[in-house]
Amino acid sequence: MVVGDISTGTDVLVIGAGPGGYVAAIRAAQRGLDTTLVEKDAYGGVCLNRGCIPSKAYITAADLAYEAGHAEEMGIHADPVVDMAGMLDWKNGVVDRLTGGVEKLCKANGVNLVEGTATFADENRVRVAHGGDGQGSETIEFEHCIVATGSKTIEIPNFSYADDPVIGSKEALELDSIPDRLVVVGAGYIGMELSTVFAKLGTEVTVVEMLDDALPGYEDDVARVVKRKAKDLGVEFHFGEGAKEWRESGDGGIQVVTEDEDGEESAYPADRVLVAVGRRPITDTLDLENAGLSTNDGGFLETDDRARTEKEHIFAVGDVAGEPMLAHKASTEGIVAAEVIAGEPAALDHQAIPAAVFTDPEIGTVGMTEAEAEEAGFDPVVGEMPFNASGRALTTNHTEGFVRIVADDDAGFVLGAQIVGPEASELVAEVALAIEMGATLEDVASTIHTHPTLAEAVMEAAENAQGQAIHTLNR
Ligand code: FAD
């Protein structure tokens, strides 16, 4: 027994206050359950503090600076000066406002907030160690537990984040000066988003990727649009090369050494190297075995469609519960877990989880691709609308990319969409709603869309799939 130990009990104990955990806690409290939320670091988790929100703040600021300096075609001549420390302050202000909001919302809904690190003592109790020496600890007994401890950046051999020139996405979003040269290891969505930010701020960016293309998981023609624009921004890609080590180069900078599959080495000069090779779930520090829980090979807690783990009364939501590691998926699972605990018939339905990549241009996808629809036994029909035929896209001076909509040819039900282009992250929501509502191509095509908007491209793609498009040639 630790000195100063106290013991309390709760109906629902939530571990981790990211978008999975805080949403679950609020919903459980809204349902009248006595709810306790334990957080070891900052309210809002990775998403609000060092993920979605800070990266999107930087993307917006870098866009603004870049666009203002590249608008001669529109008759605008400007040479913006970027004050990185000012940008950092602004981004931190956005983060503080949101994290403060999460804390207030939890309190206003009656969630008990506990600061500290939770580990399982047994299957009905956690031990919470309060940070710092002599801060003591407490034991909390629970009826139900929701594990929402998220994920952390993967470290690769010879690239320790303890070494100054090596940074992860967290550190990249805290830089107070713009690096002259940056090597980015990994061309997944985080690597590509941050490469775009720094390229727009004037950094010489080199991307090295072990696979033979960027943005794995996205269709070739979608990824190609983003890669083409990144190259226009000056980003240099080296595919089929794994990062091997870094060394000091003598001129105050470093060299990042890569190796291809034939063992051939290359070296790229940089001031810093940003490692963005993926994330892994935080399950190894929870003493899961004390609660009788185990993880799969990837370190994830496996769950059923009610977000339940192998223990009936312990749930797992968000990044710890598997791919896709996305904030909105975490929140949806959090709500389901809380409602199931409250005795409601909630269940997870993963067919329409949208995903967005906030590159330039953006990507927004939901549901099935044409190939996935075929594989699932549908007879898919596809319609497309290129943004260079959209009046609104022309007026924004962003005409790269297209909307592609996939539907079932027999019943006409919308099955998915792949959008690459301006505001794709927003546009994909319309198709997600269509899938969720069981809408058909006809429903989307006959919905009157405001003119001139980018959303008209979704309507036009649905018309195109029916052979009824007005502003594009029908397939
Ligand atoms: P987290 O947000 O990771 O929160 C987990 C919380 O648990 C943390 O606050 C942590 O401190 C706490 N915790 C961990 N262990 C303990 C413990 N033992 N005791 C107490 N507390 C503990 N997703 C999107 O959907 N859109 C995006 O645009 C997007 N951009 C991203 C950009 C970057 C750079 C990164 C890194 C991620 C991005 N993501 C994005 C992913 C998104 O941030 C995660 O999917 C999301 O945060 C997962 O939520 P979560 O609640 O599962 O976990």
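## A walk from Ala 347 to the ligand

Leaving aside its neighbours within four places in sequence, Ala 347 is in contact with Asp 305, Arg 306 and Val 336. That makes a handy place to start, with one caution up front: what you're looking at is a predicted model. Ala 347 sits in the loop between helix 8 and strand 18 (355-357). Is Ala 347 buried, partly exposed or exposed? Its relative accessibility is 38%, so Ala 347 counts as partly exposed, given that the partly exposed class runs between the 20% limit for buried and the 50% limit for exposed. For a sense of scale, pick out Glu 259 as well: Glu 259 and Ala 347 are 88 residues apart along the chain, and their C-alpha atoms are separated by 46 Å.

Now look at the loop between strand 16 (279-281) and strand 17 (314-316), where you'll find Asp 287 and also Ala 307. Each has a backbone angle worth checking. Asp 287 isn't a glycine, yet its phi is positive, near 50°. Ala 307 is another non-glycine residue with a positive phi, in this case near 70°. As for how covered they are, Asp 287 has 31% relative accessibility and therefore counts as partly exposed, while Ala 307 comes in at 0% and so counts as buried.

Next, the ligand. Where does the ligand lie with respect to domain 1 and domain 2? Domain 1 (6-151 + 280-348) and domain 2 (166-277) both contribute residues to the shell around the ligand, so the ligand lies between them. There are 39 residues around the ligand, and the ones that come nearest are Gly 20, Glu 39, Lys 56, Asp 319 and Ala 327. Sorted by type, the shell has 18 nonpolar, 14 polar and seven charged residues. Several elements supply at least two shell residues each, among them strand 2 (35-39), helix 3 (52-69), helix 6 (189-200) and helix 8 (327-341). The largest share, four residues, comes from helix 2.

Zoom in on the oxygen atoms of the ligand and a few side chains stand out. Glu 39 has a polar side-chain atom 2.6 Å from a ligand oxygen, and Lys 56 has one 2.7 Å from a ligand oxygen. With His 328, an N or O atom of the side chain is 3.4 Å from an oxygen atom of the ligand. How much of the ligand's accessible area does the protein cover? On its own the ligand has 1,000 Å² of accessible area, and the protein covers 97% of that.

Helix 1 (residues 21-30) is worth a look too. The helix is mostly covered, with eight of its 10 residues buried; Tyr 22, Val 23 and Ile 26 are among them. The cover over those buried residues includes strand 1 (6-15), strand 2, helix 4 (84-108), strand 6 (137-147) and helix 8. Strand 2 and helix 8 are also among the elements that each supply at least two residues to the ligand shell. Just after helix 1, Gly 32 takes a positive phi of about 85°.

Finish with two prolines further along the chain. The peptide bond from Asp 360 to Pro 361 is cis, its omega near -5°, and Pro 361 belongs to the loop between strand 18 and strand 19 (362-367). A cis peptide bond also runs from His 451 to Pro 452, with omega near -10°; look for Pro 452 in the loop between helix 12 (441-445) and helix 13 (456-465).

Note on methods
Residues are numbered from 1 along each chain as its sequence is written. This is a predicted model: local features need pLDDT of at least 70, side-chain atom pairs count only at pLDDT 80 or more; totals for chains, interfaces and linings use all residues. Side-chain values use heavy atoms; hydrogens and water are left out. A residue is near a molecule or strand if one of its heavy atoms lies within 4 Å of it. A polar contact is a pair of N or O atoms within 3.5 Å; within protein, one must be able to donate a hydrogen and the other to accept it, and residues adjacent in sequence count only if both atoms are side-chain atoms. Accessible areas come from the Shrake-Rupley method with a 1.4 Å probe; for residues, only the protein chains shown count as cover. Ala, Val, Leu, Ile, Met, Phe, Trp, Tyr, Cys and Pro count as nonpolar, Asp, Glu, Lys and Arg as charged, and the others, Gly among them, as polar. Domain bounds come from an automatic or database domain assignment. Buried means under 20% relative accessible area, exposed over 50%, partly exposed in between (1.4 Å probe, protein chains only). Contact means heavy atoms within 4.5 Å.
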